[in-house]
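Trainee: Could you take a close look at one part of this model for me, namely the largest pocket and the residues around it? I would like a connected account rather than a list.

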Amino acid sequence: TLDVEEVNMDFFNVIPSVDIRVGKLLVDTDTINPLHQHAFPFADKPLMLQHTFGDDPLKTYGINSSYLIPNPWDHYLMLSLTYGTNVYNAGQGANYSSLYTNGYLQSPLYVGRLSTTFDLSDTCYININASEVMTTLSDGSNTVVYIADALLRWAPNPVSNAVTFLNGTLWNRGNPNLTGAFNTSGFYSYLGWLFNPRWKIGARYDQTNNQTYLGFEQQATGM
């Protein structure tokens, strides 16, 4: 079955420092979710995101507004707000144990994300994100997910010499199988080195504690 993963329209500087995007969106939650899989720094989704949102990215039919927050330090500080419906493609191999499996297609999805970047040098920076995702399940209860990640990138030559150090964590509370609310959590850590335009090496460690997937789980992968 063919499906359009993302289609949207952008409106820039609608009011000073505010951009708006409408359509079918990859939700702006962290470093990974807004990316298509071929753009991931690693081969697959981290376990904490896969167990929470399924194999596909978290998507919505809705609207996103991003605001570059002015501040006295002239520092990059971005607030992103998304509102839409809970897209779940159950007939296309999606994971039935996902937190959002039991959400109505028309149930509202609310997302807020705060991002900032620090330049450590001309070739090195740190990007930090923190977000909250909330939607309603079919039993009328709300489920909420908190995500945070930090990306350190050192790139003397972004094409042939770059180091990426990406770490993410997640905590949520909800009722994914309609059997009673419980907490789940997880984190991942990835280190990779691009040493040639066509070659890179990397390793990632994942750990989750999700009762839907029989509790504690960990894995290490390399590429």
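Mentor: What follows begins with the whole chain, turns to the pocket, and then moves to its surroundings.

The model is a predicted one, and it has 1 helix and 11 strands, which follow one another along the sequence in the pattern β-β-α-β-β-β-β-β-β-β-β-β. Of the 223 residues in the protein, 41% are buried, and among contacts with a separation of 6 or more, 52% are between residues 24 or more positions apart.

The largest pocket has a volume of about 470 Å³. Its lining is made up of 24 residues, and those that lie nearest the centre are Arg-21, Asp-28, Pro-34, Asn-64 and Arg-113. Two or more lining residues come from each of strand 1 (7-15), strand 2 (18-26), strand 3 (59-68), strand 4 (77-86), strand 5 and strand 6 (124-136), and strand 2 gives the most, with 5 residues. In chemical character the lining is mixed, with 9 nonpolar, 8 polar and 7 charged residues.

One of the residues nearest the centre of that pocket, Arg-113, leads on to a small set of polar contacts. The side chain of Arg-113 makes a polar contact with the side chain of Ser-115, at 3.0 Å, and the place of Ser-115 is in strand 5. The side chain of Ser-115 also makes a polar contact with the side chain of Asn-129, at 2.6 Å. Ser-115 counts as buried because its relative accessible area is 7%, under the 20% cut-off. Leaving out residues up to four places away in sequence, Ser-115 touches Tyr-76, Leu-77, Met-78, Ile-128 and Asn-129.

Asn-129 then leads to Thr-31, since the side chains of these two residues make a polar contact at 3.2 Å. Thr-31 belongs to the loop between strand 2 and helix 1; with a relative accessible area of 19%, Thr-31 is therefore also classed as buried, as the cut-off is under 20%. Beyond residues up to four places away in sequence, Thr-31 touches Arg-113, Asn-127, Asn-129, Asp-149 and Leu-166, and so Arg-113 appears among the contacts of Thr-31 as well as in a polar contact with Ser-115.

The contact between Thr-31 and Leu-166 brings us to the largest nonpolar core. That core has 18 residues, and Leu-166 is one of the four that touch the most other members, together with Ile-32, Phe-42 and Leu-49. At least two core residues are supplied by each of helix 1 (47-53), strand 5 (108-121), strand 7 (142-157), strand 8 (161-174) and strand 9 (182-196). Setting aside neighbours within four places in sequence, Leu-49 is in contact with Asp-30, Ile-32, Gly-54, Ile-147 and Leu-170. As a general point, nonpolar side chains in soluble globular proteins tend to be buried together.

For comparison, there is also a second largest pocket, with a volume of about 290 Å³. Its lining has 17 residues, with Ala-39, Pro-41, Arg-153, Thr-164 and Lys-200 nearest its centre, and strand 7, strand 8 and strand 9 each give two or more residues to it. Strand 9 provides the largest share, 4 residues, and the lining divides into 12 nonpolar, 3 polar and 2 charged residues.

Conventions:
Residues numbered from 1 in each chain as written. Predicted model: local features only at pLDDT ≥ 70, side-chain atom pairs only at ≥ 80, totals over all residues. Heavy atoms only, no water. Core = buried A, V, L, I, M, F, W, Y, C linked by side-chain atoms within 4.5 Å. Buried < 20%, exposed > 50% of the residue type's maximum accessible area, 1.4 Å probe, protein only. Contact = heavy atoms within 4.5 Å. 1 Å grid on protein atoms, 1.4 Å probe; cavity = no way out; pocket = protein on both sides within 12 Å on 5 of 7 lines; lining within 4 Å. Points joined across faces, edges and corners; volume = space filled by probe spheres on them. Nonpolar A, V, L, I, M, F, W, Y, C, P; charged D, E, K, R; others polar. Polar contact = N/O pair within 3.5 Å; in protein donor to acceptor, adjacent residues only side chain to side chain.
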